Amino acid sequence: MPVFGIGLHILVAIFFAIHAIRRGRELYWLLILFMFPLLGSIVYFFAIYLPEIRQSRGAVAATRAVRQAVDPGRGLRQAREAFERTPTVDNRLRLAEALLDSGAVADALRHFSEAAQGPFAEDPALLLGLARAQFANGLSPDCAKTLQRLFAAHPEAKRQPIPALLQARVLAQQNDPAARDAFETALVVAVDPEPKCRFADWLMTQAAPADRERAKALYQEIVADSKYWNGHAQALNREWLQHARAKLNAG
């Protein structure tokens, strides 16, 4: 179906090409998308776009909220039972993630640490989970080292929403000047307002007046964007919207 004289499949290919450029993907994706716009778009959707959306903070939070509403504790209970029945690495990972989501961060760290060894030492899901658990336990130096392991083994992780924001938060906690660039990267790959809020909070702690003005602008962007959120997005991002409004009201 033509749209403004351009085939819909061409527009989809252009959308994915822009996504690939923003995420720093390899240049061969652009060749695939423009040489074979329909097939290339399908391949890119399943190989790159869909996995990224599934691992985004918004998707993770939405899944967690639904599970909690239906049966609080069910996910952790099932994960624990599965691991006790069959203590595989996959089941340990599932249990560790359930423990982390439930707030049992010390137990989560133990399971992630035991899983991310041997042949699974460079598994991206395990390394990211381990970094998250280390950060939750206040172990910023360990978290930074784990993220470096993740990025060394999987360079594409640097431009994925969750690890990008975690990297920025670790650097900010360590008062590392590189935090600014890390937050900028997190903004580029963001799929929800959390990175804007956390970057703005960090900017508010800086001495330069320009940083405080930038922080206010980021809070204002969140408030302005919220006018276009659907009901689900409003519920999912209510915490960050309230935070942004409170900061703006505080002056």
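The legends below describe close-up views of a predicted model.

**View 1. Gln173 and its surroundings in helix α10.** Gln173 belongs to helix α10, which covers residues 161–173, and its relative accessible area of 46% makes it partly exposed, because that class lies between the buried limit of under 20% and the exposed limit of over 50%. When residues up to four places away in sequence are left out, Gln173 touches Phe135 and Ser140. Gln173 and Trp202 stand 29 residues apart in sequence, and their C-alpha atoms are 9.5 Å apart in space.

**View 2. The largest nonpolar core.** This core is made of 27 residues, and those with the most contacts inside it are Phe183, Phe199 and Trp202. Two or more residues of this core come from each of the elements α10, α11 (179–189), α12 (194–204), α13 (209–226) and α15 (238–249). Another core, which lies apart from the largest one, has 16 residues, including Leu93, Leu95, Leu99 and Ala115.

**View 3. The contacts of Phe199.** Leaving aside residues up to four places away in sequence, Phe199 touches Arg180, Phe183, Glu184 and Leu187, and it also touches Arg214 and Leu218.

**View 4. A nonpolar patch on the surface.** Leu8, Leu11, Val12, Ile14, Ile18 and Phe34 together make a nonpolar surface patch of about 470 Å², and helix α1 (residues 8–22) gives the most to this patch, with five residues. Leu8, which lies in helix α1, has a relative accessibility of 40% and therefore counts as partly exposed.

Methods: Residues are numbered from 1 along each chain as its sequence is written. This is a predicted model: local features need pLDDT of at least 70, side-chain atom pairs count only at pLDDT 80 or more; totals for chains, interfaces and linings use all residues. Side-chain values use heavy atoms; hydrogens and water are left out. Helices (H or I, at least four residues) and strands (E, at least two) are DSSP runs, numbered from the N terminus. Buried means under 20% relative accessible area, exposed over 50%, partly exposed in between (1.4 Å probe, protein chains only). Contact means heavy atoms within 4.5 Å. Patches are made of residues with over 30% relative accessible area and no salt bridge: like charges are joined within 9 Å, nonpolar side chains (Val, Leu, Ile, Met, Phe, Trp, Tyr) within 5 Å. Accessible areas come from the Shrake-Rupley method with a 1.4 Å probe; for residues, only the protein chains shown count as cover. A salt bridge is a side-chain nitrogen of Lys or Arg within 4 Å of a carboxyl oxygen of Asp or Glu. A nonpolar core is a set of buried Ala, Val, Leu, Ile, Met, Phe, Trp, Tyr and Cys residues joined through side-chain atoms within 4.5 Å.
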